[in-house]
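This report describes how selected helices pack against one another in a single chain. The structure is shown first.

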Amino acid sequence: MDATNLTYLTLDGHVDLQNYRYVYFLITLTVYVSIIVFNTVVIFVIVMNKHLHQPMYIFIAALLCNALCGATALYPKLLMDLLSEKQVSSYHGCLFQGFFVYWYACSEFVLLSAMAYDRYVSICKPLHYTTIVKMSTVKKLIFLSWFLPCCELGVALILTYQLQLCKFKMNRIYCDNYSVLKLSCKEISTNNSYGLFIFSIAVFPPVTFIFFSYIRILTVCLKNSKDFRRKALQTCLPHLLIFINFSVNSCFEIINNRLESNQIPHIIAMILSVEYLLIPPLFNPIIYGLKLQEILKSIKRLISWKRRTGDYF
């Protein structure tokens, strides 16, 4: 059947969730609302406080905006499916959901590498920081983190759209490009090769850059005082935790989707498939809010604002 004439695809991943779908709906809704609230609060604090208009905090705001986009690509459709008797998606809707989910993941790696560069310059070349990391540079890096994945994934979207499908069910709770490819009647080596190319340029360069940046940061810290190491750790630890968190959860999704092991209980496989869209967006604002003192102080002032007179900002 021609994919362009296909009415809908069935998401079979919900089968084991139906007996407790209202429980899962409440849990999912709570998670999504928490993601929106936590990320929005930190973004609002950064945007409205002029003293936080610095490269490090601008990158944080961009990272949290990216998390909101990734979560919104998944949760609204997932919530509707949990309340529906049949879990289906239009073919075009399925393609675009996969596009935006992957866009979020690819942009996240680029943003994390840009943040590592910011920390590297701040700690290893502090005297040149203001001349190297200008606001114009920050804006360009943020723009590239969203524009480059869009172009790369746009090609993948076009390649997938041209496929002819023979099967119309996928054992997933949301759409992704690789699952759609497996429904094709035709040979998909070109799609797989391009997917491997995207994976290689989206993951390995940022991860390698972050790894070597922190080796350099660690080397500089070991040569300086305890106070210097404490301050460096205070600013680098949140980023490092978020990088490890996102990388590990992304690996879980890749392994789970590619191997499709029947030894893993279905509910566990479903949880693993959404971890990178659940844990990082939920915990990133908490990590930054608790670890970075300027953001924490601003949040505390925001909470106590109604109890005080005068302007908050």
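In this predicted model, helix α2 (residues 55-82) packs against helix α5 (residues 135-161) at an angle of about 20 degrees, and their axes are 10 Å apart. Because angles under 35 degrees count as roughly parallel, α2 is roughly parallel to α5. The crossing of α2 past α5 is right-handed. On the α2 side, the contact involves Pro55, Ile58, Phe59, Ala62 and Asn66, which meet Met135, Val138, Leu141, Ile142 and Trp146 of α5. By class, nine residues of this contact are nonpolar and one is polar, while none is charged.

A second packing involves helix α1 (residues 21-48) and helix α10 (residues 293-303), whose axes lie 10 Å apart at an angle of about 100 degrees. That angle makes α1 roughly perpendicular to α10. Helix α1 contributes Val41, Val42, Phe44, Val45 and Ile46 to the contact, and α10 contributes Ile295, Ser298, Ile299 and Leu302. Eight of the residues in the contact of α1 with α10 are nonpolar, one is polar and none is charged.

The third packing is that of α3 and α7, with axes that come within 9 Å and cross at roughly 20 degrees. The two helices α3 and α7 are therefore roughly parallel to each other, and their crossing is left-handed. The contact of α3 with α7 comprises 19 nonpolar, two polar and two charged residues.

The table sets out the three packings.

| Helix pair | Angle between axes | Distance between axes |
|---|---|---|
| α2 and α5 | about 20 degrees | 10 Å |
| α1 and α10 | about 100 degrees | 10 Å |
| α3 and α7 | roughly 20 degrees | within 9 Å |

Aromatic rings form a further topic. The count comes to 13 aromatic pairs. One of them joins Tyr117 and Phe209 in a tilted arrangement, at 6.4 Å centre to centre and with 40 degrees between the planes. This pair links distant parts of the chain, since Tyr117 belongs to helix α3 (residues 91-124) and Phe209 to helix α7 (residues 189-222), 92 residues apart.

Record annotations can be set beside the model. An unreviewed UniProt entry lists residues 22-47, 56-75, 95-120, 141-161, 194-215, 236-255 and 267-290 under "transmembrane region". Over residues 141-161 the model is 100% helix and 0% strand, with the end C-alpha atoms 30 Å apart. Residues 267-290 are likewise 100% helix and 0% strand, and there the end C-alpha atoms are 32 Å apart.

How values were computed: Residues are numbered from 1 along each chain as its sequence is written. This is a predicted model: local features need pLDDT of at least 70, side-chain atom pairs count only at pLDDT 80 or more; totals for chains, interfaces and linings use all residues. Side-chain values use heavy atoms; hydrogens and water are left out. UniProt positions are given in the numbering used here, feature names are shortened, and annotations may be inferred rather than shown by experiment. Helices (H or I, at least four residues) and strands (E, at least two) are DSSP runs, numbered from the N terminus. Axes are lines fitted to C-alpha atoms, for helices over the stretch in contact, and angles run from 0 to 180 degrees between N-to-C directions. Angles under 35 degrees count as roughly parallel, over 145 as roughly antiparallel, 65 to 115 as roughly perpendicular and the rest as oblique. A crossing is left-handed if the near helix is turned anticlockwise from the far one by less than a right angle, and right-handed if clockwise. Contact means heavy atoms within 4.5 Å. Ala, Val, Leu, Ile, Met, Phe, Trp, Tyr, Cys and Pro count as nonpolar, Asp, Glu, Lys and Arg as charged, and the others, Gly among them, as polar. Rings of Phe, Tyr and Trp (its six-membered ring) pair if their centres lie within 6.5 Å; planes under 30 degrees apart count as stacked, over 60 as edge-to-face and the rest as tilted.
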